[in-house]
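Welcome! Let us take a walk through this protein together, from the inside out.

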Amino acid sequence: MSRIEVRDFASADLAPAAQLLSDRFARAGAQAAGSDFAPPDTDSCRKVLERLASEKYARGAIASAAGAPIGFLFAQPNLTAPDSALSYFSPAFSVGSPLSGHAVAAGHDPGVVYRELFAFLAADLVRDGFLDFGVGVLAGEREVADAWSALGFGRHFTLALRGVEPLPAPPRADLEIREAKEGELPGVFELLASVAPSLPLQI
């Protein structure tokens, strides 16, 4: 393998990174035979990466070999309070790379490339006091999951999402289901905080 060079992510890297991400999801879709998983196209991936790169505290790195981009990794700090409902999903003052925040090109060892990318970002993150790092991986991405496991990562929780088809009619005539308004969000988070410890979210 050619020598891997890692540097800070720049706006000019959005196009190749979007292609890397789209290719990664396409491989994941091919591995999930029989599922309804539809990999996003390159344009959709670019829009997601543009939003991620524009986050105030997000940090990104891109890896190249022989002048060609072969991988990228974003780190997104979680600065929520320890008693926040969101801390049930991500520990307070931790760093995460979301599901769309990383990719390695096919034909390259993800363990090697992710190691170089993580080492590049971790130096500053540890210096700033971020010692807890998480990364999102699809259930069928065995090679990607194995690469992160080889770096010492374990499994914190498994998340399954229902479809986005319309909900059936409420089972009770007096039950109303609607989107919460902004003023109602404190009550929603209070309810979540009260029931989250008993939900089967962590496996």
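What follows is a short tour of the core, the aromatic rings and a patch on the surface. Please keep in mind that the model is predicted.

Let us start inside. The largest nonpolar core holds 35 residues, and among these Leu49 and Phe72 touch the most other members. Several parts of the chain come together here: helix H1 (14-31), helix H2 (42-54), helix H3 (110-127) and helix H4 (142-150) each supply at least two residues, and so do the strands E2 (59-65), E3 (68-78) and E5 (102-104). Which helix gives the most to this core? That is H1, with six residues.

Next come the aromatic rings. The structure holds 10 aromatic pairs. A good one to look at is the pair of Phe118 and Phe133, whose rings sit edge-to-face, 5.0 Å apart from centre to centre and with 75 degrees between their planes. Phe118 belongs to helix H3 and Phe133 to strand E6 (residues 133-135), so this pair ties together parts of the chain that are 15 residues apart in sequence. Are the two partners buried or exposed? Phe133 has a relative accessible area of 14% and is buried, because buried means under 20%. Phe118, at 21%, is partly exposed.

Phe118 has another ring partner, Trp148. This pair is edge-to-face as well, with 6.2 Å between the centres and 85 degrees between the planes. Here distant parts of the chain are linked, as Phe118 lies in helix H3 and Trp148 in helix H4, 30 residues apart. Trp148 counts as buried, with a relative accessibility of 2%. If you step back from the single pairs, a wider group appears: ring pairs link Phe118, Phe133 and Trp148 with Tyr114 and Phe153 into a cluster.

Now let us move to the outside. Which residues form a nonpolar patch on the surface? They are Tyr57, Leu79 and Phe93, and together they have about 320 Å² of accessible area. To find Phe93, look in the loop between E3 and strand E4 (94-97). Phe93 has a relative accessible area of 41% and is therefore partly exposed, since that class lies between the limits of 20% and 50%.

With that, the tour has gone from the nonpolar core, through the cluster of linked rings, to the patch on the surface.

Technical notes: Residues are numbered from 1 along each chain as its sequence is written. This is a predicted model: local features need pLDDT of at least 70, side-chain atom pairs count only at pLDDT 80 or more; totals for chains, interfaces and linings use all residues. Side-chain values use heavy atoms; hydrogens and water are left out. A nonpolar core is a set of buried Ala, Val, Leu, Ile, Met, Phe, Trp, Tyr and Cys residues joined through side-chain atoms within 4.5 Å. Buried means under 20% relative accessible area, exposed over 50%, partly exposed in between (1.4 Å probe, protein chains only). Helices (H or I, at least four residues) and strands (E, at least two) are DSSP runs, numbered from the N terminus. Rings of Phe, Tyr and Trp (its six-membered ring) pair if their centres lie within 6.5 Å; planes under 30 degrees apart count as stacked, over 60 as edge-to-face and the rest as tilted. Patches are made of residues with over 30% relative accessible area and no salt bridge: like charges are joined within 9 Å, nonpolar side chains (Val, Leu, Ile, Met, Phe, Trp, Tyr) within 5 Å. Accessible areas come from the Shrake-Rupley method with a 1.4 Å probe; for residues, only the protein chains shown count as cover. A salt bridge is a side-chain nitrogen of Lys or Arg within 4 Å of a carboxyl oxygen of Asp or Glu.
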